[in-house]
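Biologist: Please give me a close look at a single part of this model, the strand pairing. Then place that part in its surroundings, with cut-offs as you go.

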Amino acid sequence: MASTARTVDINEDVTKALRKFRFQRRSQGHAAIVIKINKAALKMVVDEEYDDISIADLVEELPRNSPRYVVLSYELKHRDGRTSFPLVLINWAPSSSETTMMTLHASALLDFQRVAEANKTIEVRDAEEGLTKEIVDEKLLS
């Protein structure tokens, strides 16, 4: 019989923060909520929230040696002139991260994707080079 036990708990504070973030109305710019795993407690916690942040600034704020889940409300300019704000899950998993944290992070990804309800997931392994406005545009417009 297969076990459905989670390795990492997505607590109610994270769920509430994601729900609030998802339903905020935006008229311009990008916003992000960053979630990390508390290794000792084996639970997810909100690490940071950003409003009207550029992709370059977001990359500067994210740790170089530790994985994070980033839910990004992205201001997307469509080719036909429309603007939309899709939710994008960025799986920030720098290759220089500690192995045990990467394992925990990977094991909880599917559960977090379900809770985040993002339109698209972007995997980022190589920090600055892996996350740019051009990369996000390409993923969302393809």
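Modeller: Accessible areas come from the Shrake-Rupley method with a 1.4 Å probe; for residues, only the protein chains shown count as cover. By that method the protein exposes about 8100 Å². Carbon and sulfur atoms supply 48% of that area. This is a predicted model, in which local features need pLDDT of at least 70 and side-chain atom pairs pLDDT 80 or more, while totals for chains, interfaces and linings use all residues. Numbering starts from 1 along each chain as its sequence is written, and side-chain values use heavy atoms, without hydrogens or water.

Confidence comes next. The mean pLDDT (the predictor's confidence in each residue, 0 to 100) is 90 for the protein. Of the residues, 96% score at least 70. Strand 2 has the highest confidence, at 97. Helix 4, residues 127–130, has the lowest, at a mean of 76.

Now the inventory. There are five helices and eight strands. These are DSSP runs numbered from the N terminus: helices are H or I with at least four residues, strands are E with at least two. Along the sequence they follow β-α-β-β-α-β-β-β-β-α-β-α-α.

The sheet itself is open and has six strands. Their order is 1-3-2-4-7-8, with mixed pairing. Strand 1 (9–10) and strand 8 (120–124) are the edges; each has a single partner strand, so one side of each is left without a neighbour in the sheet. Two strands count as paired if DSSP finds at least two bridges between them.

Start at the edge formed by strand 1. Strand 1 pairs with strand 3 over two bridges, in the parallel sense. Across that pair, Ile10 stands opposite Met44 in strand 3.

Move one strand further in. Strand 2 and strand 3 are joined by eight bridges and run antiparallel. One facing pair here is Val34 opposite Glu48 in strand 3. The two strands also make a hairpin, with four residues between them. Leu42 sits in that turn, with a positive phi of about 55°.

Strand 4 follows strand 2 in the sheet order. Ser73 belongs to strand 4. Is Ser73 buried or exposed? Ser73 has a relative accessibility of 4% and counts as buried; the cut-offs are under 20% for buried, over 50% for exposed, and partly exposed in between (1.4 Å probe, protein chains only). Beyond its neighbours within four places in sequence, Ser73 is in contact (heavy atoms within 4.5 Å) with several residues, including Phe21, Arg26, Gly29, His30 and Ala31. Its list also holds Phe85, Pro86 and Leu87.

Cross to the other edge. Strand 7, residues 87–92, runs parallel to strand 8, and five bridges join them. In this pair Leu89 stands opposite Thr121 in strand 8.

Two helices lie across the sheet strands. Angles run from 0 to 180 degrees between N-to-C directions, with axes as lines fitted to C-alpha atoms, for helices over the stretch in contact. Helix 1, residues 12–23, lies across strands 1, 2, 3, 4 and 7. Its axis runs at about 170° to strand 2. Helix 3, residues 99–116, lies across strands 1, 2, 3, 4, 7 and 8. Its angle to strand 4 is about 30°.

Next, two loop residues with unusual signs of phi to check in the viewer. Asp52 has phi near 55°, a positive value in a residue other than glycine. Asp52 lies in the loop between strand 3 and helix 2 (55–61). Its relative accessible area is 55%, which counts as exposed. Glu117 also has phi near 55°, again positive and not glycine. Glu117 is in the loop between helix 3 and strand 8. At 51% relative accessibility, Glu117 is exposed.

Helix 2 holds Glu60. Glu60 is exposed, at 56% relative accessible area. Its C-alpha atom is 8.0 Å from that of Glu128, although the two residues are 68 apart along the chain.

Last, the whole chain. Buried residues make up 44% of the 142 residues. Among contacts between residues at least 6 apart in sequence, 63% join residues at least 24 apart. The C-alpha trace spans about 50 × 30 × 30 Å along its principal axes.
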